[in-house]
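Me: I am new to this structure and would like to go through it step by step. Could you take my questions in turn and show the reasoning behind each reply?

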Amino acid sequence: HYARTMQDWLKHWESNRAVIEKKYGEASWRRWQVFLTWSLRIGRNGGSTVQFITAVKSGSERARLNAQRRLAPGVFQLPPETPCPGGGPSR
């Protein structure tokens, strides 16, 4: 069921590429295309492993420690919402 739904969404997404890229840009289209393709694989194969990397500026120990606390298993929290540089869709 999940794989079939993802397959339909991916087909729809790819068939509307020009419209989506015009409104949101190529990088945004590609990001979601990768997500939908991976989700389809997960549905077909029954599972996935995700590697999560958090990057902070060099020398910013406080930011690194805050990120580690915020992203620790069982306590994950989204950071405060900030405007997207250069604009972009809002939530």
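Me: Is Lys11 buried or exposed, and what is its relative accessible area?
Reply: This is a predicted model, so the reply rests on computed values. Residues count as exposed when their relative accessible area is over 50%. Lys11, which is found in helix H1, passes that cut-off and is therefore exposed, with a relative accessible area of 63%.

Me: How far apart are the C-alpha atoms of Lys11 and Thr37?
Reply: Along the chain, Lys11 and Thr37 are 26 residues apart. In space, the separation between the C-alpha atoms of Lys11 and Thr37 is 9.8 Å.

Me: What pattern does the protein chain follow along the sequence?
Reply: The protein chain contains four helices and zero strands. Reading along the sequence therefore gives helix symbols throughout, under the definition of helices and strands used here. The pattern is α-α-α-α.

Me: How are H1 and H3 oriented to each other?
Reply: Two packed helices are described by the angle between their axes and the distance between the axes. For helix H1, residues 2-15, and H3, the angle is about 155 degrees and the axes are 8 Å apart. Angles over 145 degrees count as roughly antiparallel. H1 and H3 are therefore roughly antiparallel to each other.

Me: What is the handedness of the crossing of H1 and H3, and which class of residue has ten members in their contact?
Reply: The crossing of H1 and H3 is left-handed. Residues of H1 including Tyr2, Met6, Leu10 and Trp13 meet residues of H3, among them Trp29, Trp32, Leu36 and Leu40. By class, this contact of H1 with H3 has six polar residues, two charged residues and ten that are nonpolar.

Me: Is Gln33 buried or exposed, and which residues does it touch when those up to four places away in sequence are not counted?
Reply: Gln33 is found in helix H3. With a relative accessible area of 11%, Gln33 falls under the 20% cut-off and is therefore buried. Leaving out residues up to four places away in sequence, Gln33 touches Leu10, Trp13 and Glu14.

Me: Is Ser39 buried or exposed, and which residues does it touch on that same count?
Reply: Ser39 also lies in helix H3. Its relative accessibility is 4%, and Ser39 therefore counts as buried. When residues up to four places away in sequence are not counted, Ser39 touches Tyr2 and Met6.

Me: How are H2 and H3 oriented to each other?
Reply: Helix H2, residues 17-24, packs with helix H3, residues 26-45, at an angle of about 125 degrees, with their axes 7 Å apart. That angle lies outside the ranges for roughly parallel, roughly perpendicular and roughly antiparallel, and the rest count as oblique. H2 and H3 are therefore oblique to each other.

Me: Which residues make the contact of H2 with H3?
Reply: By class, the residues of this contact divide into three nonpolar, one polar and three charged. From H3 come Glu26, Ser28 and Trp29, and from H2 come Arg17, Ile20, Glu21 and Tyr24.

Me: Is Ala18 buried or exposed, and how far is its C-alpha atom from that of Trp29?
Reply: Ala18 lies in helix H2. At 59% relative accessibility, Ala18 is over the 50% cut-off and therefore counts as exposed. Ala18 and Trp29 are eleven residues apart along the chain, and the separation of their C-alpha atoms is 9.3 Å.

Me: What share of the accessible surface of the protein chain belongs to carbon and sulfur atoms?
Reply: Of the 91 residues of the protein chain, 13% count as buried. The accessible surface of the protein chain comes to about 8000 Å², and the share belonging to carbon and sulfur atoms is 56%.

Methods. Residues numbered from 1 in each chain as written. Predicted model: local features only at pLDDT ≥ 70, side-chain atom pairs only at ≥ 80, totals over all residues. Heavy atoms only, no water. Axes fitted to C-alpha atoms, helices over the stretch in contact; angles between N-to-C directions. Helix = DSSP H or I, 4+ residues; strand = E, 2+ residues; numbered from the N terminus. Parallel < 35°, antiparallel > 145°, perpendicular 65-115°, else oblique. Contact = heavy atoms within 4.5 Å. Nonpolar A, V, L, I, M, F, W, Y, C, P; charged D, E, K, R; others polar. Left-handed = near helix turned anticlockwise from the far one by under 90°. Buried < 20%, exposed > 50% of the residue type's maximum accessible area, 1.4 Å probe, protein only. Areas by Shrake-Rupley, 256 points an atom, 1.4 Å probe, with all protein chains shown as cover.
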